[in-house]
Amino acid sequence: MNIAVIQASTQVARNQLLFEETKRATSETDDMVFNFGVSSEEDNYSYIQIAICVGLLLNSVAIDFVVTGCSSGNGMAIAANVLPNVICAYTPTPSDAYLFGRINQGNCVSLPLGLNFGWAGELNLRFTLEKLFESPMNTGYPKASAERKMKDVLMLKKVKELGQTDMIAILSGLTEDIIRPIFKKTDLIDFIIENGTSIKIVDYLRTQR
């Protein structure tokens with residue numbers, strides 16, 4: 001699968017670490033990892049704007065899974081889950097990541113990149129990503145409850161589908177000051193246009209260039 005790494009501007013200093021550890025956690029698979037920053041050379045992006053970027057990456061089907069985060073990790077998770085077709089978990093520990101990766105059939109995790117990121121914080125990040133991507137994913141847990149867990153996830157996805165609009169409706173309803181910086185993030189927008197399989201979203205983004 002194609003995996004994106006992207007985080008809010010408050011944690012620019014953690015971007016390269018997040019990227020390298022995601023690559024390390026998936027090094028024995030055929031997964032491809034793409035780094036969309038945010039870097040210190042770019043505009044400042046709030047966690048809400050980056051969550052919208054997450055929504056674009058996933059809804060365009062240019063990316064299958066996103067590893068993201070902000071200072072606490074909570075804000076990003078909440079903002080990402082507002083968006084259609086995004087199931088994001090807050091994963092501060094390896095056990096949280098492991099359970100999410102087995103049970104919830106999600107496509108995004110948000111990590112705390114500032115909160116409690118002290119001595120050996122990079123090790124917790126490493127172990128968390130390792131447990132997240134440990135094969136096989138989406139098998140249910142524990143084994144005795146796997147079938148029920150899978151049914152619950154399908155129910156959740158259906159409720160989410162019925163309760164939310166689509167990305168274009170969201171972008172069209174937001175003010176220029178919120179969305180213009182997102183369209184200026186050309187590495188991300190160009191990647192979606194070139195790799196996305198949602199023609200509706202790709203065509204929309206082309207009109208925003």
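How many bridges pair strand 4 and strand 5, and in which sense? Three, and the sense is parallel. Keep in mind that this is a predicted model.

One of the residues to look for is Cys-88. Its bridge partner in strand 5 is Cys-108.

Now the whole sheet. It is open, with five strands in the order 2-1-3-5-4, and the pairing is parallel. Strand 2, residues 32-35, and strand 4 stand at the edges. Each has a single partner strand, so one side of each has no neighbour in the sheet. From one strand to the next, the twist averages 20°.

Next, what packs on the sheet. Helix 1, residues 15-25, touches strands 1, 2, 3 and 5. Its direction makes about 175° with that of strand 2. Helix 3, residues 74-81, touches strands 3, 4 and 5. Its direction makes about 160° with that of strand 4.

On to helix 4, residues 94-103. Buried here are Ala-97, Phe-100, Gly-101, Arg-102 and Ile-103. What do these buried residues pack against? Strands 3, 4 and 5, plus helix 5 and helix 6. After helix 4 comes Gln-105, with a positive phi near 50°.

Last, a helix pair. Helix 2, residues 47-59, packs with helix 8, residues 176-183. The angle is about 55°, and the axes are 10 Å apart. The two helices are therefore oblique to each other. Their crossing is right-handed. Helix 2 brings Gln-49, Ile-52, Cys-53 and Leu-56. Helix 8 brings Asp-177, Ile-178, Pro-181 and Ile-182. That contact divides into six nonpolar residues, one polar and one charged.

Conventions
Residues numbered from 1 in each chain as written. Predicted model: local features only at pLDDT ≥ 70, side-chain atom pairs only at ≥ 80, totals over all residues. Heavy atoms only, no water. Buried < 20%, exposed > 50% of the residue type's maximum accessible area, 1.4 Å probe, protein only. Helix = DSSP H or I, 4+ residues; strand = E, 2+ residues; numbered from the N terminus. Contact = heavy atoms within 4.5 Å. Axes fitted to C-alpha atoms, helices over the stretch in contact; angles between N-to-C directions. Parallel < 35°, antiparallel > 145°, perpendicular 65-115°, else oblique. Left-handed = near helix turned anticlockwise from the far one by under 90°. Nonpolar A, V, L, I, M, F, W, Y, C, P; charged D, E, K, R; others polar. Pairing = 2+ DSSP bridges.
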